Amino acid sequence: MTHEEPDAAPGRPESDPEPPQHRYASLWSPPVTSTRGRPARVSRAEVVDAAVAIADADGLDAVSMRSVARALGVGAMTLYSHVPGRDELVDAMVDRGYADFDLPDPGLPWRPALELYARGYWSLLRQHPWLLDVNPWRLPLAPHVFTVQEAGYRILVDTGLTASQVIETLDIVNNMVAGSARSAAAEDADRRTQGTDYAAYWEATGDFWERTFDPTRFPTMTRLWSVGAFDTASTPFEPQVKGLLDTLELLIERAQSEGGATIPTFEECMDRYDEAVAQQLGDAQS
């Protein structure tokens, strides 16, 4: 019988919820390696990079404290001085992945900036497809994740959209790109398992279209096919963002024609915050 080392830190019950600080603190201030005793065999960055490499090659499920330790040639217990467990390791992996996001220049107009943002997100998800398995509604509170979100919101914040529309619009873009990337990842998997690429798969279906497909049963599809719509439609290899941007442009133009929403500047936000704190202190002293 072999001894299996846990994916949670020794003495830490896996079922007990950790306070939020436990998850985000090390992302902003990584633990300092002790200078006492023998030097650490691996660094925190090496641990995270090894985990990312495993996920890039074999998916997020392949990442465990044991698999990362094997890749580094150390015992799993060595990793716990850098990350308390797998959850914290995945948080660090996500932050490391988001560091590869190629962000648009802050000075660009909103439309080219948003297109570059969408293509940057696409490239990120193609480079690290395991990010699609991370819950986007619970991304870690991490510096590189926040940097990407800040860049996305900055593109739209002064376009005349309301604050809620800014959030919703970026969510629409993110969901569209993630959906395209998920389709591309599925295509990659089918190509590996079936040995047939995208073009060859559809070329092999000619008999179906000639002998089985009934145009009278599917007249709308037939109309679109007759003008080559399916030849130029979105494929698993490139997100088609132009149509989405055209729609968003109409939304922004309408908002601007109606006067546009005004979202407080950063300075105004801080002034309001200072006033609120002063008010609270005054109320506490009275």
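These exercises walk through helices, salt bridges and a surface patch in a predicted model.

**Exercise 1. Helix H3**

Task: Find which residues of helix H3 are buried, and what covers them.

Solution:
- Step 1. Locate the helix. H3 runs over residues 65–72.
- Step 2. Pick out its buried residues. They are Met65, Ser67, Val68 and Ala69.
- Step 3. Look at the cover. It includes helix H2 (44–58), helix H4 (76–79) and helix H5 (86–98).
- Step 4. Step past the end of the helix. Glycine 73 follows H3, and its phi is positive, near 75°.

**Exercise 2. Helix H7**

Task: Check the span of helix H7 against the expected value, then work out where its buried residues sit around the axis.

Solution:
- Step 1. Count the residues. H7 covers residues 143–156, which is 14 residues.
- Step 2. Work out the span. The rise is 1.5 Å a residue, so 20 Å is expected.
- Step 3. Compare. The end C-alpha atoms of H7 are 21 Å apart, which agrees.
- Step 4. List the buried residues of H7: Val145, Val148, Ala151, Gly152, Ile155 and Leu156.
- Step 5. Place them around the axis. They cover an arc of only 135°, so they lie on the same side of H7.
- Step 6. Recall the helix geometry. An α-helix has 3.6 residues a turn, so residues three or four places apart point the same way.
- Step 7. Name the packing partners. The buried residues of H7 pack against H5, helix H6 (110–127), helix H8 (163–194) and helix H13 (242–257).

**Exercise 3. Two salt bridges that involve H6**

Task: The structure holds 10 salt bridges. Take the pair arginine 119 and glutamate 115, then the pair aspartate 188 and arginine 126, and describe each.

Solution:
- Step 1. Recall the principle. Side chains of opposite charge can pair when their charged atoms come close.
- Step 2. Read the distance in the arginine 119 and glutamate 115 pair. It is 3.3 Å, N to O.
- Step 3. Place this pair. Both residues are in helix H6, 4 residues apart, so about one helical turn separates them.
- Step 4. Judge exposure. Arginine 119 has a relative accessible area of 28%, so it is partly exposed. Glutamate 115 is also at 28% and counts as partly exposed.
- Step 5. Turn to aspartate 188 and arginine 126. Their closest N and O atoms are 2.9 Å apart.
- Step 6. Place this second pair. Aspartate 188 is in helix H8 and arginine 126 in helix H6, so the bridge links distant parts of the chain, 62 residues apart.
- Step 7. Apply the cut-off. Buried means under 20% relative accessible area. Aspartate 188 has 13%, so it is buried. Arginine 126, at 28%, counts as partly exposed.

**Exercise 4. A network at H13**

Task: Describe the salt bridge between aspartate 246 and lysine 242, and find the network it belongs to.

Solution:
- Step 1. Read the distance. The closest N and O atoms are 3.1 Å apart.
- Step 2. Place the pair. Both residues lie in helix H13, 4 residues apart, about one turn of the helix.
- Step 3. Judge exposure. Aspartate 246 is partly exposed at 30%, whereas lysine 242 is exposed at 57%.
- Step 4. Follow the shared partners. Salt bridges join Arg111, Lys242, Asp246 and Glu249 into one network.

**Exercise 5. A nonpolar patch**

Task: Name the residues of the nonpolar surface patch and the helix with the largest share of it.

Solution:
- Step 1. List the members: Phe218, Met221, Leu224, Trp225 and Phe230. The patch measures about 530 Å².
- Step 2. Find the main contributor. Helix H11 (residues 219–226) gives the largest share, 3 residues.
- Step 3. Check one member. Methionine 221 lies in H11. Its relative accessible area is 36%, so methionine 221 is partly exposed.

Definitions and conventions
Residues are numbered from 1 along each chain as its sequence is written. This is a predicted model: local features need pLDDT of at least 70, side-chain atom pairs count only at pLDDT 80 or more; totals for chains, interfaces and linings use all residues. Side-chain values use heavy atoms; hydrogens and water are left out. Buried means under 20% relative accessible area, exposed over 50%, partly exposed in between (1.4 Å probe, protein chains only). Helices (H or I, at least four residues) and strands (E, at least two) are DSSP runs, numbered from the N terminus. Contact means heavy atoms within 4.5 Å. The expected span of a helix is 1.5 Å times one less than its number of residues. The arc is that of the directions from the helix axis to the C-beta atoms. A salt bridge is a side-chain nitrogen of Lys or Arg within 4 Å of a carboxyl oxygen of Asp or Glu. Patches are made of residues with over 30% relative accessible area and no salt bridge: like charges are joined within 9 Å, nonpolar side chains (Val, Leu, Ile, Met, Phe, Trp, Tyr) within 5 Å. Accessible areas come from the Shrake-Rupley method with a 1.4 Å probe; for residues, only the protein chains shown count as cover.
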